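Subject: A structure for you to look at

Hi there,

I am passing on the structure we talked about. Please open it and have a look around before you read my notes.

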Amino acid sequence: MVNSPQNPRQEQRQHLDLTSFSASGGEPVEWRISDALVPYPEAVAAMEARVAAIAAGEAPELVWLLEHPPLYTSGTSGKESDLLDARFPTFPTGRGGQLTYHGPGQRVAYIMLDLKRRRPDVRAYVASLEELILRTLAAFNVRGERREDRVGVWVKRPDKGPEHEDKIAAIGVRLKRWVSFHGIAINVEPELEHFSGIVPCGVADPRYGVTSLVDLGQLATMADVDVALRQAFEQLFGPTRARLPEAAA
């Protein structure tokens with residue numbers, strides 16, 4: 001998007017069909033929102049069970065929106081040296097990526113879709129998750145951007161100095177029998193100082209920090225973000241059906 005069109009990887013990504021994950025027929029994707037903080041092990045166990053049920057054709061697909069208590073997770077590329085201050089529990093996880101922080105004020109969306117039925121293309125799926133974040137941020141007049149050499153979605157911060165950028169959203173994906181889980185995390189109003197206990201996603205360059213919608217001056221509530229996220233999701237992946245907050249994953 002913002003990288004030079006001479007960059008072949010960026011140009012290739014630009015030409016991916018990001019709207020081809022909408023499934024024809026079948027049930028709408030269940031859309032669940034948990035109001036209480038969800039412990040990480042509980043969330044992973046629920047995702048594992050749901051993914052198995054989706055793969056077996058015994059449950060519909062699910063998007064689960066939640067917040068975690070403060071914690072760090074380490075993906076398959078995580079390094080022990082990137083944990084600078086173990087002030088919160090750290091959980092190894094099977095998703096891609098390195099160390100990241102989750103906590104109150106961050107909207108986590110765990111996305112469980114049957115890619116074998118929709119489109120078995122991991123690269124295009126990740127690009128569509130990036131597009132999901134970009135469209136959600138655009139609803140709040142925030143221009144998110146992709147970077148080929150850094151994961152996640154970034155915003156330029158000229159107010160901090162030349163070439164400074166902050167990460168506002170993270171992506172971590174895992175597949176089991178072509179069913180996706182884990183997903184995305186958008187910083188709405190988390191405690192940004194909590195990110196200082198790690199090298200977020202292995203990016204140590206001082207020009208690159210972490211931000212949130214509120215930090216950027218957008219006084220968005222979590223409910224506002226949920227509405228924008230759902231609208232963007234339906235544009236890319238098709239219809240959803242709401243679930244009650246207390247419904248089990």
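Below is what I found, beginning with one strand and its partners and ending with a cavity.

Please keep in mind that this is a predicted model.

A good place to begin is strand β9, residues 165-176. Nine of its 12 residues are buried, so the rest of the structure largely encloses β9.

Which strands does β9 pair with? With β10 (residues 179-187) there are eight bridges, and the two run antiparallel; here I171 sits opposite I184. Two residues lie between the strands in this hairpin, and R177 has a positive phi near 55°. Strand β8 (residues 150-156) is also antiparallel to β9, with four bridges, and V153 faces A169 across that pairing. With β11 (residues 208-210), β9 runs parallel instead, joined by three bridges; look for K167 opposite V210.

Now to the empty space inside. How many cavities of 30 Å³ or more does a search of the whole structure find? The search finds one, and the largest cavity holds about 80 Å³ of space. It is lined by 13 residues, of which T100, K167, A170, N187 and F195 are the closest to its centre. Elements giving two or more residues to this lining are β5 (99-102), β9 and β10. The biggest share comes from β9, with four residues. Sorted by class, the lining has nine nonpolar, three polar and one charged residues.

If you follow β9 in the viewer, you will meet K167 twice: opposite V210 in β11, and again among the residues closest to the cavity centre.

Enjoy exploring, and best wishes!

Notes: Residues numbered from 1 in each chain as written. Predicted model: local features only at pLDDT ≥ 70, side-chain atom pairs only at ≥ 80, totals over all residues. Heavy atoms only, no water. Buried < 20%, exposed > 50% of the residue type's maximum accessible area, 1.4 Å probe, protein only. Pairing = 2+ DSSP bridges. 1 Å grid on protein atoms, 1.4 Å probe; cavity = no way out; pocket = protein on both sides within 12 Å on 5 of 7 lines; lining within 4 Å. Points joined across faces, edges and corners; volume = space filled by probe spheres on them. Nonpolar A, V, L, I, M, F, W, Y, C, P; charged D, E, K, R; others polar.
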